[in-house]
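Hi everyone, thanks for coming. I'd like to walk you through a structure that may be new to you, so let's bring it up on the screen.

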Amino acid sequence: MTSPADVIRVALVDDQVLVRSGFKMLIDSQPDLTVIAEAASGREALQSPAIHSADVILMDVRMPEMDGIEATQKLLAMPALHGRPSPPRIVVLTTFDQDEYAFAAIQAGASGFLLKDVQPEDLLSGIRSVHTGNAVIAPSTTRRLLEHVSPLLARNNPACDETLQLIESLTPREYDVFVKVAEGKSNPEIAEELFLSMATVKTHVGRILSKLNARDRVHVVVLAYQAGVVSP
């Protein structure tokens with residue numbers, strides 16, 4: 001039986017009532033997930049203390065008053081959230097499979113990007129994945145994002161000296177893991193390629209996130225591209 005402390009609290013931000021109802025029914029059917037709040041616009045989400053307390057927020061892109069990209073950026077910048085052990089993880093949802101939405105979502109601080117027609121099991125696993133600090137990006141978007149969109153990060157937002165110094169503070173083995181994470185490799189893949197145990201990889205990833213002040217693995221990828229550590 002899942003204890004209340006282990007249940008992932010999810011918030012839904014979408015202007016379509018039927019979409020929110022469908023997601024709520026699916027999420028609440030899981031013993032380890034529960035929907036605690038809903039909002040019909042980005043502006044409403046910013047004004048909702050209940051949504052601020054969520055672990056994971058599913059955020060629509062196109063909404064009236066304030067879209068999901070702007071809401072994501074403003075929500076994660078709110079001082080009230082800085083006192084939390086970790087900020088809410090935001091998964092941006094859209095019906096449009098276009099690179100610019102994925103790019104904008106990641107730039108805004110989202111931990112994931114999925115299409116609304118995602119399979120139910122993939123949505124549920126995506127929520128669990130971002131909650132543990134991993135990234136989730138629509139499979140159809142991943143390769144294009146790395147090949148065409150991520151280079152814009154290095155060109156338009158080059159790494160500052162502080163970021164470069166933080167990267168230099170990594171140990172040689174941490175740096176190896178850092179590069180693999182930036183290449184989009186999973187923990188099992190990193191363990192196999194670097195001949196490490198899964199526990200060791202998890203330890204290294206945790207230390208990398210801490211040293212780089214990175215919110216999650218998506219942020220690590222952003223920092224790596226900005227620093228020119230990896231390229232498509």
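The chain in front of you folds into 13 helices and six strands. Please keep in mind that this is a predicted model. The chain has 232 residues, and 48% of them count as buried. If we take contacts between residues at least 6 apart in sequence, 65% of those join residues at least 24 apart. On the outside, the chain exposes about 11,200 Å², with carbon and sulfur atoms supplying 54% of that area.

Now let's zoom in on helix H1, residues 17–28. With twelve residues at 1.5 Å each, helix H1 should span 16 Å, and its end C-alpha atoms are indeed 16 Å apart, so the two values agree.

Which residues of H1 are buried? They are Val19, Arg20, Phe23 and Ile27. Those residues cover an arc of only 95 degrees around the axis, which means they sit on the same side of H1. A general reminder helps here: an α-helix has 3.6 residues a turn, so residues three or four places apart point the same way. Turn to the face of H1 away from the buried side, and you'll find the exposed residues Val17, Leu18 and Met25.

And what covers the buried residues of H1? The cover includes strands S1 (8–13), S2 (33–39), S3 (56–60) and S4 (89–94), along with helix H6 (120–131).

Let's finish with that helix pair. H1 and H6 pack at an angle of about 70 degrees, their axes 11 Å apart. That angle makes H1 roughly perpendicular to H6. Where they meet, H1 brings Phe23, Leu26 and Ile27, while H6 brings Pro120, Leu123, Leu124 and Ile127. Thanks for listening!

Note on methods:
Residues are numbered from 1 along each chain as its sequence is written. This is a predicted model: local features need pLDDT of at least 70, side-chain atom pairs count only at pLDDT 80 or more; totals for chains, interfaces and linings use all residues. Side-chain values use heavy atoms; hydrogens and water are left out. Helices (H or I, at least four residues) and strands (E, at least two) are DSSP runs, numbered from the N terminus. Buried means under 20% relative accessible area, exposed over 50%, partly exposed in between (1.4 Å probe, protein chains only). Contact means heavy atoms within 4.5 Å. Accessible areas come from the Shrake-Rupley method with a 1.4 Å probe; for residues, only the protein chains shown count as cover. The expected span of a helix is 1.5 Å times one less than its number of residues. The arc is that of the directions from the helix axis to the C-beta atoms. Axes are lines fitted to C-alpha atoms, for helices over the stretch in contact, and angles run from 0 to 180 degrees between N-to-C directions. Angles under 35 degrees count as roughly parallel, over 145 as roughly antiparallel, 65 to 115 as roughly perpendicular and the rest as oblique.
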